[in-house]
Amino acid sequence: MNIITLSVLSLAMSTDAFAASITKGSTLKNPRVLSAIKLGLLFGCIEAIAPIIGWLIGSAGADYVEAFDHWIAFVLLVGLGIHMLLESRKEDDDDEEDEEDEVTPNTKRSFIATLLTAVGTSIDAMTVGISLAFMKVNIYLAAAMIGLATTIMVTIGALLGNVMSGWVGKKAEAIGGVALIFIGCGILYSHTMA
C-alpha cells in the first residue's frame, strides 16, 4: 500500500469523526481554538490506537487465512464503506434530544459522552486495522496518518460546527464510505490480477 492510498485511507477514516465534531461544534456557541484542538487530539489519539488493536487481532489469524486475505480485506472495507453510505442517508431523529441533553463542555458527563463518541467513531479504524494485517503495511505509519488526519479534521469540524452542521456532516461520511469501497476494490483487483 503506497503513501497516496494510505493518505486516502486516513482521510476516509476521519470522516465519521469529522461529522461528529461538526455536531459537537454546533452545540457550542463560540468554540475556542484550544477546545477544538483538545477535541481533535482526543479523537485523533483514539483513532490512531484503534487500527493497531485491529492489526494485532488480524495478525493473530493472518497465517491461517493467507490464501484469501485479500477477500477478507475487500469484504471488510466494502462492507464498512456501504455501512457509512447508509448511515449518511439516515435522518438524525435523536439529534434534537441529544442537543437538549448536552451540557457545558467542562462537565464530566459531557467528557464521557465525547469520549464514547470518539471510541464509537474509531470502530471503523479498528476494522481497517484488521484488514491491514493481511497486507504489507507499516501499521505504525498508517495509525499515525489516521490519527493525524482525524486530529486535523475534528479540530476543523469543531471550529466550523455552527456554520456547517446542516449540510457537511453526512456528505463527509458518504465520501468516506465511497473512498473505502474504492480502496477495498483496489485491494481485491491488485491481488487477483497479480
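The exercises below work through a predicted model of one protein chain, each with a solution in steps.

**Exercise 1. Overall fold**

Describe the secondary structure of the protein chain, and state how its residues are divided between burial and surface.

*Solution.* Begin with the elements: the chain has seven helices and zero strands, and reading along the sequence gives the pattern α-α-α-α-α-α-α. Next, turn to burial, where 44% of the 194 residues count as buried. The accessible surface of the chain comes to about 10,700 Å², of which carbon and sulfur atoms supply 66%. Finally, consider the contacts with a sequence separation of 6 or more: 94% of them join residues that are 24 or more positions apart.

**Exercise 2. A nonpolar patch on the surface**

Identify the residues that form the nonpolar patch, and determine which helix gives the most to it.

*Solution.* The members are Val-33, Ile-37, Leu-41, Leu-148, Ile-152, Ile-156, Leu-159 and Leu-160, and together they have about 650 Å² of accessible area. Assigning them to helices shows that α2 (33–62) and α6 (139–164) each supply at least two residues, while α6 gives the most, with five. Leu-159 serves as an example from helix α6: its relative accessible area is 32%, and membership in a patch requires over 30%, so Leu-159 passes that cut-off while still being classed as partly exposed.

**Exercise 3. A glycine in the same helix as Leu-159**

Decide whether Gly-157 is buried or exposed, and list what it touches beyond its sequence neighbours.

*Solution.* Gly-157 lies in helix α6, the helix that also holds Leu-159. The relative accessible area of Gly-157 is 0%, and therefore this residue is buried. When residues up to four places away in sequence are not counted, Gly-157 touches Phe-18, Ser-21 and Ile-22. A further step is to look at Gly-25, which is 132 residues away from Gly-157 along the chain, although their C-alpha atoms are separated by 6.8 Å.

**Exercise 4. The aromatic pair**

Find the aromatic pair in the structure and classify its geometry.

*Solution.* A search of the whole structure yields one aromatic pair. It consists of Trp-71 and Phe-74, whose ring centres are 5.9 Å apart and whose planes meet at 90°, so the arrangement is edge-to-face. Both residues belong to helix α3 (residues 69–89), and because they are three residues apart there, about one helical turn separates them. The two partners fall into separate accessibility classes: Trp-71 is partly exposed at 43%, whereas Phe-74, at 18%, is buried.

**Exercise 5. An aspartate in helix α5**

Establish where Asp-124 sits, whether it is buried or exposed, and which residues it contacts.

*Solution.* Asp-124 is placed in helix α5 (residues 108–132). With a relative accessible area of 5%, Asp-124 lies under the 20% limit and is therefore buried. Leaving aside neighbours within four places in sequence, the contacts of Asp-124 are Met-13, Asp-16, Glu-47, Leu-80 and Met-84, a list that includes the acidic residues Asp-16 and Glu-47.

**Exercise 6. Cysteines and disulfides**

State how many disulfides the structure holds, and give the accessibility of Cys-45 and of Cys-185.

*Solution.* A disulfide is a covalent bond between the sulfur atoms of two cysteines. The count for this structure is zero. As for accessibility, Cys-45 is partly exposed, with a relative accessible area of 48%, and Cys-185 is likewise partly exposed, with a value of 36%.

Note on methods: Residues are numbered from 1 along each chain as its sequence is written. This is a predicted model: local features need pLDDT of at least 70, side-chain atom pairs count only at pLDDT 80 or more; totals for chains, interfaces and linings use all residues. Side-chain values use heavy atoms; hydrogens and water are left out. Patches are made of residues with over 30% relative accessible area and no salt bridge: like charges are joined within 9 Å, nonpolar side chains (Val, Leu, Ile, Met, Phe, Trp, Tyr) within 5 Å. Accessible areas come from the Shrake-Rupley method with a 1.4 Å probe; for residues, only the protein chains shown count as cover. A salt bridge is a side-chain nitrogen of Lys or Arg within 4 Å of a carboxyl oxygen of Asp or Glu. Helices (H or I, at least four residues) and strands (E, at least two) are DSSP runs, numbered from the N terminus. Buried means under 20% relative accessible area, exposed over 50%, partly exposed in between (1.4 Å probe, protein chains only). Rings of Phe, Tyr and Trp (its six-membered ring) pair if their centres lie within 6.5 Å; planes under 30 degrees apart count as stacked, over 60 as edge-to-face and the rest as tilted. Contact means heavy atoms within 4.5 Å. A disulfide is a pair of cysteine sulfur atoms within 2.5 Å.
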